Amino acid sequence: MEVAVSRARQEGAPAAAREPSAKQLVEIYRLMFLSRAVDDREVLLKRQQKIFFQLSAAGHEALQVGAALALKSGYDWFFPYYRDRALALALGVTPYEMMLQAVGAADDPASGGRQMPTHWSSPALHIVNGSSATGTQLLHAVGCAEAGRYFSRHPEAALKDPGDYREFRDVEFHGDEVALACLGEGSTSQGEFWEAMNTASNQKLPVIFMIEDNGYAISVPVEVNTPGGNISRLVANFPHFHFAEIDGNDPVVCLRAFEDAAAHCRAGLGPALVHGHCVRLYSHSLSDDDKLYRSAAEREADALCDPIARMRARLIADGILAAAELDELEHGLQHEAAEAAERALHAALPAVESITKHVYSEDLDPTRVAFATEQPEFAEEENGQKPVAHTMADLINSCLRDEMRRDPRIVIYGEDVADASREEALQEAKGKGGVFKLTAGLQTEFGAERVFNSPLAEANIVGRAVGYALRGMKPVVEIQFFDYIWPAMHQIRNELALLRWRSNGTWAAPAVIRVPIGGYLTGGSIYHSQSGESIFTHLPGLRVVFASNALDANGLLRTAIRCDDPVLFLEHKRLYRETHGRAAYPGPDFAIPFGKAKIVREGSHLTLVTYGALVPRALQAAQQAERLHGIDVEILDLRTLNPYDWEAIATSVRKTNRVIVAHEDMLSWGYGAELAARIGDELFDDLDAPVRRIGAMDTFVAYQPKLEDAILPQPETILNAIVDLKRY
Ligand SMILES: Cc1ncc(C[n+]2csc(CCOP(=O)(O)OP(=O)(O)O)c2C)c(N)n1
Ligand SMILES: [Mg+2]
């Protein structure tokens, strides 16, 4: 095992040659002091109730300024956390922009008044908008570094294409760029920290982890979060890393440490971790009071380490600036902060009408007709014979293959999706290509750089996808079973779906997540049969697709890949290889727009709205209803659940005046509840009977087939509901 452990000052030029000039030292001090001045002005505004939240960088300034000055704003990539005011200032965010954020102004460049202050963002400076969640940003930094490496190796992939999302995703890259991922020592307890360290190390990615160790996570001291109280000791055996544990109160030490870390990354040797010991001079935020859990002696000891006071004393001792000159400089900076605040307090506030902007892409609407190729291009013959009826599994695989040929920005990864990670095995072995074989042969055709296995960690899969996608790539990742999507839920809800809205449209992560879902497996049991789509349709910002047949799966996946929104693409396992719904290969450009339901059976007596595995079951029930009871049922297959085709539902209900909404997922709080409520609300006058719902029992799916049959809705369940509803 190769272990790269080194300390600041051990590498690079001799220390004397790298001693900052007097001018640089003054600039370091200016940035540190400006950060404190903006913090102090905000504290005042919060006390005056002119802003609504305040969280300071006080005590972290040396570390942050050191990091910023060692890296290149607008060239490297920055994933700050909420305490990084000095970092943001040193990278080029202005005090006025910070104050616009604090007041929640319309012109707040980070979020337009949507996020709390200190959630930095600037596309021009490459500061990626972060959430309030501790640790999620680390996986984004990893994905970002992977994307940067990919573009440097495949510059042709950066070309724009007016036919899809690429028209709106600008790409910039440099072969030696670095991603800075910032966090507090408490956040190293998050699984995502370890998941990010795993991939950064394994892939030797140019990511610098900056740990700002102030000894506390709100009120929780470091030894509670970190066994032994020192994170450097725990991570020391990660391969390919450059490590430095430093005095984070000395900006010159910090600057050197980050220069060394950046040199290691730029040389392609791997990631780095700089662990800076600093102090938290104020409480966690103005909503916290550290006197409740810290002793006076401890707080006083921290105050003596104040990096600004120390730097000031040093400038005087080294004869760089006299006390009076420093007073004047500080005065000017305080004035700058006060003036920025004053201007921001008069800035226009966001309009209420703007609230729904940027939930989804404003550039590319996946419901638009441009995504509809009128007809599939069925070949007259395939390989000299009549076209084969392909399964849903086959046509998903061929869509992935066709899109990868067309778009070099697509990468596919997940658990077991590669043919074989040890490529030499493919000389004799056929290859795996997914537990359901949906990605079979893709690594063999496109290589291990574009199709590869991830660690067994779902947050890792989605978190990296956010990083890839915000750089303009198109990750099409797989979660192996819907039942195991939950470790990624935090990334899906708080990051993937939210990034565009919270950044007021300046960042987005239009990734695709493919997920096998559902039961009717005979023995699938609890952990391989779950549904739960309504949990995801409840997330603004996320498109949700659920195809019921091979042709729809092919055309909808193409739209999912080409569109500019994040998409959850649900694939019913039971339908993968069923005889129902097979189709000929529709050609490489067949696409179906989102939000267009399909009438799979026309009828006049009753409307049945459904999707997924209930479509073939509803068809069976409808045939029996006709044969045995003379009831003529119209069946709508929604195909996409967000957006869904309200017009199609309303038109059909106006015609039949009776409606059942049927799904495989549990009845209570399910997807049907929303549709039933809206139908009752908006189509009340058109109804001759109550709106009926069909779903699974409110339990999980059992292993014993007798129980599974009773738990999940069957064709008879649907038939009974049809007959019952027709009686009204
Ligand atoms: C996932 C998540 N859990 C909990 C919180 C609430 N929270 C915000 S900051 C914080 C402590 C973070 O401590 P640390 O990482 O040491 O950073 P520091 O604030 O000390 O700089 C907590 C628990 C959160 N924002 N995100
Ligand atoms: Mg901390």
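Strand β3 has both of its faces covered. On one side, Val207, Phe209, Ile211 and Asp213 are buried. On the other, Ile208, Met210 and Glu212 are buried as well. This is a predicted model, and β3 is a good place to enter it. Because 7 of the 7 residues of β3 are buried, the strand is largely enclosed by the rest of the structure. Buried here means under 20% relative accessible area.

What lies beside β3? Strand β2 runs parallel to β3, and 6 bridges join the two. Within this pairing, glycine 184 stands opposite glutamate 212 of β3. Strand β7, residues 272-277, also runs parallel to β3 and is joined to β3 by 6 bridges. There, methionine 210 has valine 274 of β7 as its bridge partner. Helix α6 completes a further motif: β2, α6 and β3 make a β-α-β unit, and the unit is right-handed.

Now follow the chain out of these strands to the metal. Which protein atoms hold the magnesium ion (ligand 2) as donors? Glu185 gives OE twice, Asn214 gives OD1 and Tyr216 gives O. These protein donors lie 2.1 to 2.8 Å from the ion. Along the chain, the donors follow the spacing E-x28-N-x1-Y. Glutamate 185 sits in the loop between β2 (179-184) and α6 (191-202), and asparagine 214 in the loop between β3 (207-213) and β4 (216-217), so the pair ties together parts that are 29 residues apart in sequence.

Are these two residues buried or exposed? Glutamate 185 is buried, with a relative accessible area of 2%. Asparagine 214 also counts as buried, at 7% relative accessibility.

The geometry of the site deserves a check. The magnesium ion (ligand 2) has 6 donor atoms, and the angles among them run from 50 to 176°. Six donors count as octahedral if opposite donors are over 155 degrees apart and all others between 65 and 115. The ideal angles for six octahedral donors are 90 or 180 degrees. The site of the magnesium ion (ligand 2) is irregular.

Finally, turn to helix α12, residues 323-345. This helix has 23 residues. From first C-alpha to last, α12 reaches 33 Å, close to the 33 Å expected at 1.5 Å a residue. Which residues of α12 are buried? They are Leu326, Glu330, Leu333, Ala337, Ala340, Ala341 and Ala344. The cover over these buried residues includes α1 (22-47), α4 (95-103) and α11 (307-317).

Notes. Residues are numbered from 1 along each chain as its sequence is written. Chains are lettered from A and ligands numbered from 1 in the order in which they are written. This is a predicted model: local features need pLDDT of at least 70, side-chain atom pairs count only at pLDDT 80 or more; totals for chains, interfaces and linings use all residues. Side-chain values use heavy atoms; hydrogens and water are left out. Helices (H or I, at least four residues) and strands (E, at least two) are DSSP runs, numbered from the N terminus. The expected span of a helix is 1.5 Å times one less than its number of residues. Buried means under 20% relative accessible area, exposed over 50%, partly exposed in between (1.4 Å probe, protein chains only). Contact means heavy atoms within 4.5 Å. Donors are N, O and S atoms within 2.8 Å of the metal (3.2 Å for Na, K and Ca); water is not among the atoms, so sites may look incomplete. Four donors count as tetrahedral if all angles lie between 85 and 135 degrees; four count as square planar and six as octahedral if opposite donors are over 155 degrees apart and all others between 65 and 115; anything else is irregular. Two strands pair if DSSP finds at least two bridges between them. A crossover is right-handed if, with the strands pointing away from the viewer, the path from the first strand over the helix to the second runs clockwise.
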